[in-house]
Amino acid sequence: MEELKQDYSVYVFEHELEGYSLVKRWLWLLLRSTFIIVMFYRLATHKNPLIKLFSIPLYKVIRIVSGVQIPRAAKIGKGLFLPHFGNIVLNKKAQYGDDLTIYHGVTVGAKGGASNDAGVPTIGNKVRLSAGAVVLGDVSIGNNVTVGAGAVVVKDVPEHAVAVGNPARILIREPKPLNQSIDSAD
């Protein structure tokens, strides 16, 4: 349940609901956002078999209606945020870190077929997968990475990078220290 608490915190922060009462927050999150998808994903993967039993059928319906295909076997860290509904497909064997943001139209998959997942992606912490991004094969996406809209990632992406294009290319590698002056830039 720790993951669900962190997911809740992310949604409250992103939707600026801190000033609302607890009841109003929950109503807003359940009726007007994708939090219901994340919540039922967490409940359908809960350790308690009774919670699982009641949430799996609802989660299946939610997956069909929303167009968000997150298999129960997928291991996703805490802080999952889905800003929009629709057309999100995640591979169940891929590794997903904490504080992951996934926009609509994202596909994370393996090269091969569904039965031959030869290589699956590993996605680090604090990663943003923008609208229409595709991550395929045995690739590693480092921490603090943004994959741009429509990018197709088929090679590793280092930490603190932005990947754009088809095939994806790296725009920014390492952030410069805040105390470095402009004159001393490389």
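**Side-chain pairing, surface patches and backbone geometry in a predicted model**

Arg42 and Asp7 are both buried (under 20% relative accessible area, against over 50% for exposed and in between for partly exposed, with a 1.4 Å probe and protein chains only). The structure is a predicted model, in which local features require a pLDDT of at least 70 and side-chain atom pairs a pLDDT of 80 or more, while totals for chains, interfaces and linings use all residues. Residues are numbered from 1 along each chain as its sequence is written, and side-chain values use heavy atoms, with hydrogens and water left out.

The side chains of Arg42 and Asp7 form a salt bridge with an N to O distance of 2.6 Å, the criterion being a side-chain nitrogen of Lys or Arg within 4 Å of a carboxyl oxygen of Asp or Glu. Arg42 belongs to helix α3 (residues 35–44) and Asp7 to helix α1 (residues 2–14), so the contact ties together parts that are 35 residues apart in sequence. Helices (H or I, at least four residues) and strands (E, at least two) are DSSP runs numbered from the N terminus. By the salt-bridge rule, the count comes to 2.

A salt bridge is also formed by the side chains of Asp99 and Lys126, at 3.7 Å from N to O. This pair links distant parts of the chain, 27 residues apart: Asp99 is in the loop between β4 (95–96) and β5 (101–102), and Lys126 in the loop between β7 (122–123) and β8 (128–129). Asp99 counts as partly exposed because its relative accessibility is 26%. Both partners also carry a positive phi: the value for Asp99, a residue other than glycine, is near 55°, and that for Lys126, likewise not a glycine, is about 55°. Most residues other than glycine have a negative phi, and most peptide bonds are trans. A cis peptide bond runs from Asn166 to Pro167, with omega near -5°. Pro167 is placed in the loop between β13 (162–164) and β14 (169–172).

Aromatic contacts were assigned to rings of Phe, Tyr and Trp (its six-membered ring) with centres within 6.5 Å; planes under 30 degrees apart count as stacked, over 60 as edge-to-face and the rest as tilted. The structure holds 6 such aromatic pairs. In one of them, the rings of Tyr11 and Phe35 have centres 5.2 Å apart and planes at 70°, so the arrangement is edge-to-face. Tyr11 is part of helix α1 and Phe35 of helix α3, so this pair ties together parts that are 24 residues apart in sequence. Tyr11 and Phe35 are both buried. Tyr11 also pairs edge-to-face with Phe81, at 4.8 Å centre to centre and with 75° between the planes. The contact links distant parts of the chain, 70 residues apart, with Tyr11 in helix α1 and Phe81 in the loop between β2 and β3 (88–90). Phe81 is buried, as is Tyr11. Ring pairs join Tyr8, Tyr11, Trp26, Phe35 and Phe81 into a cluster.

Trp26 also appears in a backbone separation: its C-alpha atom is 9.4 Å from that of Val12, and the two residues are 14 residues apart along the chain. Val12 lies in helix α1 and is buried, with a relative accessible area of 6%. Gly109 and Asn91 are 18 residues apart in sequence and 5.0 Å apart in space, C-alpha to C-alpha. Gly109 is located in strand β6 (residues 107–109) and is buried at a relative accessible area of 10%.

Surface patches were built from residues with over 30% relative accessible area and no salt bridge, joining like charges within 9 Å and nonpolar side chains (Val, Leu, Ile, Met, Phe, Trp, Tyr) within 5 Å. Accessible areas come from the Shrake-Rupley method with a 1.4 Å probe, and for residues only the protein chains shown count as cover. A nonpolar patch on the surface comprises Val23, Leu27, Leu30 and Leu31, which together have about 400 Å² of accessible area. Leu30 lies in helix α2 (residues 22–32) and counts as partly exposed at 30% relative accessibility. A positive surface patch is formed by Lys52, Lys60, Arg72 and Lys75. Lys and Arg count as positive and Asp and Glu as negative, whereas His and the chain ends are not counted; the place of a charge is taken as NZ of Lys, CZ of Arg, CG of Asp or CD of Glu. Arg72 occurs in the loop between β1 (68–69) and β2 (75–76) and is partly exposed, with a relative accessible area of 35%.
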